[in-house]
Amino acid sequence: ARFAPMTDDFLITASKDMTAMFWDSRSEKVISTLAGHHEAVMDACISPTNPNNALTCSMDGTVRLWDVRANAGCTSVLKDHIGCVWSACFDSEGTSILTASHDSTSLIYDQ
């Protein structure tokens, strides 16, 4: 689980039920359920520059980018790893994504 970098008003959680949830920490209510992975979600984070953008990574070997507003959905799927993706994060400017996988690789994506 992680708070949004710009504000503690939002947080995101990853789950073995193949979803991530985007929460309003003040009301303790789920704003959006991010569903689309085919195995457990290992990590999730919120963009440091836009709290409406998030990413998740999964045992299914993919990284997904999301627009979390009212379940707007997955905007992109990155499928370059051949093993479980253990972690994924945005850089401090929100313009690149770093991933680390069980396939012994790390990849950097420019958005």
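**Group meeting: a small sheet and a histidine**

Okay, let's start with the sheet: three strands, 3 in total, lined up in the order S9-S10-S11, open, and with antiparallel pairing. Strands S9, 85–90, and S11, 106–110, sit at the edges with a single partner strand each, so each has one side without a neighbour in the sheet. Going from one strand to the next, the twist averages 15°. Keep in mind that this is a predicted model.

As a quick reminder, strands in a sheet pair through backbone hydrogen bonds, and they can do that parallel or antiparallel. Here, S9 and S10, which covers residues 96–101, go antiparallel over 5 bridges. If you want one pair to click on, take Phe 90: its bridge partner in S10 is Ile 97.

Right, on to the histidine. Where is His 37? You'll find His 37 in the loop between strand S4, 29–35, and strand S5, 41–46. So is His 37 buried or exposed? His 37 counts as buried, because its relative accessibility is 5%, and the cut-off for buried is under 20%.

Now, what does that side chain touch? There's a polar contact from the His 37 side chain to the side chain of Thr 56, at 2.7 Å. The His 37 side chain also makes a polar contact with the side chain of Asp 60, at 3.1 Å.

Thr 56 and Asp 60 turn up again in the wider contact list. Leaving out neighbours within four places in sequence, His 37 is in contact with those two plus Met 18, Cys 57, Ser 58, Thr 62 and Arg 64.

That's my bit, thanks.

Notes
Residues are numbered from 1 along each chain as its sequence is written. This is a predicted model: local features need pLDDT of at least 70, side-chain atom pairs count only at pLDDT 80 or more; totals for chains, interfaces and linings use all residues. Side-chain values use heavy atoms; hydrogens and water are left out. Helices (H or I, at least four residues) and strands (E, at least two) are DSSP runs, numbered from the N terminus. Buried means under 20% relative accessible area, exposed over 50%, partly exposed in between (1.4 Å probe, protein chains only). A polar contact is a pair of N or O atoms within 3.5 Å; within protein, one must be able to donate a hydrogen and the other to accept it, and residues adjacent in sequence count only if both atoms are side-chain atoms. Contact means heavy atoms within 4.5 Å. Two strands pair if DSSP finds at least two bridges between them. Axes are lines fitted to C-alpha atoms, for helices over the stretch in contact, and angles run from 0 to 180 degrees between N-to-C directions.
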